[in-house]
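Trainee: Could we go through this one together? I'd like to start with one residue and then move outwards.

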Amino acid sequence: MLTQTIGNTIAPLQNVSLCSQAITNAMNRAEHLPGIIALYGPSGWGKTFAATYSANKHRAYYVQCKSAWTRKAFLKAVLEEMGIAPASTIYEMVDQISQELALSGRPLIIDETDFLVERKYIEIVRDIYESSFATILLIGEEHLPAKLKKWERFHNRVLNWIPAQPATLSDSKILANIYAPDVAIHDDLLIKVVEASRNVTRRICVNLNKINEISKLEGWDEVDNSLWGKRDLFTGHGSIRNGVSG
């Protein structure tokens, strides 16, 4: 996991803090309250950063869903994360997962939950919850809440909806310590990075890495917007060469 490499460095990122606090609240909830929480937002906004940090902090089981997974593949992935040999049938695997969550008291984090919703597997997660009453964090794209409205019995069991937040200047300063550790980047250039990246965490990381590499080549110990000059920053859009039409 990323956080095993960089330790607690990303903890102050706002989406990391939101996610971790939501898990803490769900784990400490009153007995009559539901234990499913959902973090949702556009791609690249640092939701997986938040998930991996929270998984380490709370000793959560973490799985990232894939588009090709069947119900059985999803359950096998969870059991593999738990270190448990899967049973032969789906209902037995649901029972295995539920029992482990109930006995261990550890949360379950499901990333890319949209795949489960789109393939109509999401009720399996509700089955696991109903049998364990564990804290379960779902992570998905911006329209995850709307998608889950079609599954009323599931939707009613969500304790908290957490909208991911766009990256800020403060976030970029924290990320600079990770992706550009060899150069001091002034605020005026970091502001330009955030704007060019359109507040998308993933693009900010790409730009900070680029600044770090160019600073090494140029021998810079620090860099501001003036020194950076007219050099390009990554915006997420591919450039169109002169004379080439779409």
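Trainee: Which residues does Gln 165 touch, not counting those up to four places away in sequence?

Mentor: Gln 165 touches Gln 14, Asn 15, Leu 18 and Trp 45, where contact means heavy atoms within 4.5 Å. Before we go on, keep in mind that this is a predicted model, in which local features need pLDDT of at least 70 and side-chain atom pairs count only at pLDDT 80 or more, while totals for chains, interfaces and linings use all residues. Residues are numbered from 1 along each chain as its sequence is written, and side-chain values use heavy atoms, with hydrogens and water left out.

Trainee: OK, and where is Gln 165 found?

Mentor: Gln 165 is in the loop between β5 (158-163) and α10; helices (H or I, at least four residues) and strands (E, at least two) are DSSP runs, numbered from the N terminus. A polar atom of its side chain lies 2.9 Å from the backbone oxygen of Pro 163, the cut-off for a polar contact being a pair of N or O atoms within 3.5 Å, where within protein one must be able to donate a hydrogen and the other to accept it, and residues adjacent in sequence count only if both atoms are side-chain atoms.

Trainee: Is Gln 165 buried or exposed?

Mentor: Neither, because its relative accessible area is 30%, and Gln 165 is therefore partly exposed. Buried means under 20% relative accessible area, exposed over 50%, and partly exposed in between, with a 1.4 Å probe and protein chains only.

Trainee: What about Thr 201, what is that in contact with?

Mentor: Leaving aside neighbours within four places in sequence, Thr 201 is in contact with Gly 44, Trp 45, Gly 46, Ala 167 and Leu 175. Thr 201 has its place in helix α12 and counts as buried, because its relative accessibility is 8%.

Trainee: Switching to the backbone, which sign does phi have at Arg 198?

Mentor: Arg 198 has a positive phi of about 55 degrees although it is not a glycine, and Asn 199 likewise has a positive phi, of about 65 degrees, without being a glycine. Most residues other than glycine have a negative phi. Arg 198 is found in the loop between α11 and α12, and Asn 199 lies in the loop between α11 and α12 as well. Arg 198 counts as partly exposed at 41% relative accessibility, and Asn 199 counts as partly exposed at 29%.

Trainee: Now the inside. Which residues touch the most other members of the largest nonpolar core?

Mentor: Those are Ile 109 and Ile 185, in a core of 44 residues, a nonpolar core being a set of buried Ala, Val, Leu, Ile, Met, Phe, Trp, Tyr and Cys residues joined through side-chain atoms within 4.5 Å. The elements that give two or more residues to this core include α2 (14-27), β1 (36-40), α3 (47-58) and β4 (136-140). A second, separate core has 35 residues, among them Tyr 40, Ile 122, Ile 124 and Tyr 129.

Trainee: And what does Ile 185 contact beyond its sequence neighbours?

Mentor: Once neighbours within four places are left aside, Ile 185 is in contact with Ala 176, Ala 180, Leu 190, Leu 208, Ile 211 and Val 223.

Trainee: Where is Cys 19 found?

Mentor: Cys 19 is in helix α2, and because its relative accessibility is 0%, it counts as buried. Not counting residues up to four places away, Cys 19 touches Leu 39, Ala 50, Ser 54 and Leu 137; the C-alpha atoms of Cys 19 and Ala 50 are separated by 6.1 Å, although the two residues are 31 apart along the chain.

Trainee: One more residue: with which side chain does Tyr 61 make a polar contact?

Mentor: With the side chain of Glu 100, at 2.5 Å. Tyr 61 is found in strand β2 (residues 61-64) and is buried, because its relative accessible area is 3%. The C-alpha atoms of Tyr 61 and Leu 108 are 4.8 Å apart, with their positions 47 residues apart along the chain.

Trainee: Last thing, how many helices and strands are there in the protein chain?

Mentor: There are 13 helices and seven strands, and buried residues make up 46% of the 246 residues. The C-alpha trace spans about 60 × 45 × 30 Å along its principal axes.
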